[in-house]
Number of protein chains: 2
Amino acid sequence: MMGPTRNGAQLITNTQGSASGPQPADFTDVRATNLAVVLRFVRENAPCSRADIAASTGLNKATVSSLVADLIDRRLLRETGLTENRVGRPATMLVLDGSPYAAVGIEVNVDYLTAVAVDLKGEELLSWRRAFPGGSTSAGQAVAGIAGVARRVVNRMTKEARQVLGLTVAVPGLVDLNGSVRLAPNMGWRDVDLAGDLAKALRDPGFPVSADNDANLGALAELRFGSHGGAQNLVYLTGEIGVGAGVVLDGRLRRGGAGFGGEIGHIEIVPGGPPCHCGRHGCLEVVAGLGVLLGHSVSPAEVESEIDEVVQRAETGDEAVLAQLDTLAGNLGRGLGIVANLLNPEVVVLGGYYVKLAPWIVARAEQEMLSRSIAPGGGGCRLVVSGLGYGAAALGAAARVLDSVDSGRLPGV
Amino acid sequence: MMGPTRNGAQLITNTQGSASGPQPADFTDVRATNLAVVLRFVRENAPCSRADIAASTGLNKATVSSLVADLIDRRLLRETGLTENRVGRPATMLVLDGSPYAAVGIEVNVDYLTAVAVDLKGEELLSWRRAFPGGSTSAGQAVAGIAGVARRVVNRMTKEARQVLGLTVAVPGLVDLNGSVRLAPNMGWRDVDLAGDLAKALRDPGFPVSADNDANLGALAELRFGSHGGAQNLVYLTGEIGVGAGVVLDGRLRRGGAGFGGEIGHIEIVPGGPPCHCGRHGCLEVVAGLGVLLGHSVSPAEVESEIDEVVQRAETGDEAVLAQLDTLAGNLGRGLGIVANLLNPEVVVLGGYYVKLAPWIVARAEQEMLSRSIAPGGGGCRLVVSGLGYGAAALGAAARVLDSVDSGRLPGV
DNA sequence: TAGAGTTAGTTCGTCTAACGACCAAACAAA
DNA sequence: TTTGTTTGGTCGTTAGACGAACTAACTCTA
């Protein structure tokens, strides 16, 4: 048992906004904070009793009862059975109520679109993946297409009597802090107010609509659903045609001043190396991306099968392919060495196609990363492979919605 | 005037500790938060009246009166004169009380030691700089030496009737989250529990003692004392014999999982470049550090004068020196390009000897940085020179003490 | 089978601290 | 003077956490 964790001076700090002036607190904040504390506790320790919550959080039993009643009113918690065969009065166990709400995440990419809905527990309610000509239509048409999918997801949720808590869209590109896509080369987008346009297209949807970079959201997915021992400092790497990073430090996504952090794909790894579509040379994306294996002009639709072929050849011991994979891993490790030195995350998670290639790249890349880290043992940084599969960004988009609930924006009542 | 900034849903979140369990809030937290809000407001808007505070923070007038009374009791605020020649009742103006407290920062380095004390306003009370054989004594002796200086600073403060709020020591090396120095090659230290040993040497000093990396503390100094338009995302670069970075994102120092973040000095900038004392090649420290200008084995004591000579030669247009400076700037820009892409800070601040060299390196380095950034216009990232002078890390060490006050750990009563 | 012991959760009164409304003080302008 | 404006304090209200006492519901033991 953890025992009470109450620590004398509690710091209440505004982490989000930049210079948005002073942020005083009042009683409703205390309430919101404590409601969120209980909610998070139940999420991580379900099923548990009110007494468990009180003991572990340090909150008073009476307070916990009141908070739990509130959460039950809001249909966020549910009482399940009683404990049996124990000394003392049996406890009524509490679990998250999975049925009344849904969080929706949509990932758009050049050639496909993934939609995911999860309940409050994070359990997947639906997962759609379909071809989507994101790279070959106008942004307006793409937004219309995304809105169409969003409407169908929402309808489905409504049919299941679920209230949608929010919708987030993941985009491979630079997304600013307002959810406006400033640049998405692969999509051919520039200055598209995705969150705003989508909210407009959905006509007063009754839930918040936001957009973010796919790597950022992948990182959020790993933070919430990944099994990294509760690491609060992690970096997630997408391994699609482009390579991007999502940076989580001290338990929150760090986007930088304008929201453009994590753009690891175009840092220079091999000076004077092969040219990148961005106009520079030797970018990580070029020397540690799929292009190393597939040649530089594969159509998006072919990537999947081409990678499968690479995997097959690697399995049969094809020397040329193994050499390519080793080169890729080495270059990736160089990039990760930079990340380890600069950010000292507890774990770096490889996503996307890197997952399939993992058996041939992780060891080398990790060794390279650690050998380049100035901190002994890489400062404790591990390199692991994502277990979330292809929907990571979409899942992270949904996770972003759940995050806002977890941090005190409670629905209901 | 700003007008009320009260925003409906206030998020109260624990930013510091990692997985330290749930952190419920209670009334004392509300009080502490609001006291800190008022304190910060007065810091930034002094002199100001209670009415100003109420209007700008959204707190109730009565609440502000109560909070201000509390802060005056704690001798953190002081009433100054009344306003005159205005319609209505004259306001009693409030300012930070500079006299009763002091925050102490000490920076140790290979050959010198800097001690700084500031009052609550951040105004310098003393600034000592002296030779110190940090690189050529045992860690134990060094700690004793630091303790000696610390005692003298504390005595001086006591003589001025000031209470010392805390002491932080800046060290060029890897410092973990507990203030233990894990590795400081230049000092020849390894696993020295600096914060702990120093507290012991000071025998129950009655104030918290901590230690951190010099670059981290430099970044804190820039955050508090620098003039960067309130940028909440910044990276500070030390330009001593080694090069380190301090990373501030969303208004707080981000140290990574073990506290070893910001180690930019040993990321590989020129593969196969000149050897570094760390055993690797082409590290930023080697290709964009002072070694480029001074040759690789200058004794610490000579650095100052050697740099002055470089500056003189550059001023007279010495081609060879200008070429070296340009090379240095180019390499520095490469490293900063990585920082801009990965972290998207609003500003990168150059400290240490880079300040003297600024006229010949900033333009080139910034251009290089921006040209390497994938976000248009570098995502708004500017490269500037520190205005804080040599004592930056020591000043940041003191700033760290003030930060803890600003975030609610109030002294007095 | 009747306590005795143990654990869960509720009720009730207390206390902290923010808030809203009101008011007196102190000034400028008319 | 009178009127209006602004400051800052007082007072009663209210939200909500806390502590203690209490009830509920079980197991264990003699």
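A polar contact here is a pair of N or O atoms within 3.5 Å; inside the protein, one atom must be able to donate a hydrogen and the other to accept it, and residues adjacent in sequence count only if both atoms are side-chain atoms. With that in hand, the backbone of B:Arg50 can be looked at: one of its N or O atoms sits 3.2 Å from a phosphate oxygen of DNA strand D. This is a predicted model, in which local features need pLDDT of at least 70 and side-chain atom pairs count only at pLDDT 80 or more, while totals for chains, interfaces and linings use all residues. Residues are numbered from 1 along each chain as its sequence is written, chains are lettered from A and ligands numbered from 1 in the order in which they are written, and side-chain values use heavy atoms, with hydrogens and water left out.

Next door to B:Arg50 in the numbering, B:Ala51 also meets the backbone of the DNA: one of its polar backbone atoms is 3.1 Å from a phosphate oxygen of strand D. B:Arg89 goes for a base instead, with a polar side-chain atom 2.6 Å from a base oxygen of strand D. The elements giving two or more residues to the surface near this strand are α1 (27-45) and α3 (61-73) of chain A, plus α2 (50-57) and α3 (61-73) of chain B. (Helices are DSSP runs of H or I with at least four residues, strands are runs of E with at least two, and both are numbered from the N terminus.) The top contributor is α1(A), with four residues.

Zooming out, DNA strand D has 30 residues around it, and the closest are A:Arg31, B:Ser65, B:Gly88, B:Arg89 and B:Thr92. Of the strand D atoms that come within 4 Å of the protein, 67% belong to sugar and phosphate. A residue counts as near a strand if one of its heavy atoms lies within 4 Å of it. By type, the residues near strand D split into 12 nonpolar, nine polar and nine charged. For this sorting, Ala, Val, Leu, Ile, Met, Phe, Trp, Tyr, Cys and Pro are nonpolar, Asp, Glu, Lys and Arg are charged, and the others, Gly among them, are polar.

And DNA strand C? It has 30 residues around it, with A:Ser65, A:Gly88, A:Arg89, A:Thr92 and B:Arg31 coming nearest. Sugar and phosphate make up 64% of the strand C atoms within 4 Å of the protein. A polar backbone atom of A:Ala51 is 3.0 Å from a phosphate oxygen of strand C. From chain B, a backbone N or O atom of B:Gly88 lies 3.4 Å from a base oxygen of strand C, and one of B:Arg89 lies 3.3 Å from a base nitrogen. Here the elements with two or more residues at the surface are α2 (50-57) and α3 of chain A along with α1 (27-45) and α3 of chain B. The largest share, four residues, comes from α1(B). The residue types come to 12 nonpolar, nine polar and nine charged.

Now for the helix packing. In chain B, α2(B) and α3(B) pack at about 125 degrees with their axes 9 Å apart; axes are lines fitted to C-alpha atoms, for helices over the stretch in contact, and angles run from 0 to 180 degrees between N-to-C directions. The pair is therefore oblique (angles under 35 degrees count as roughly parallel, over 145 as roughly antiparallel, 65 to 115 as roughly perpendicular and the rest as oblique). Helices α9 (residues 300-315) and α10 (residues 319-343) of chain B pack at about 110 degrees, with axes 8 Å apart, and are therefore roughly perpendicular to each other.
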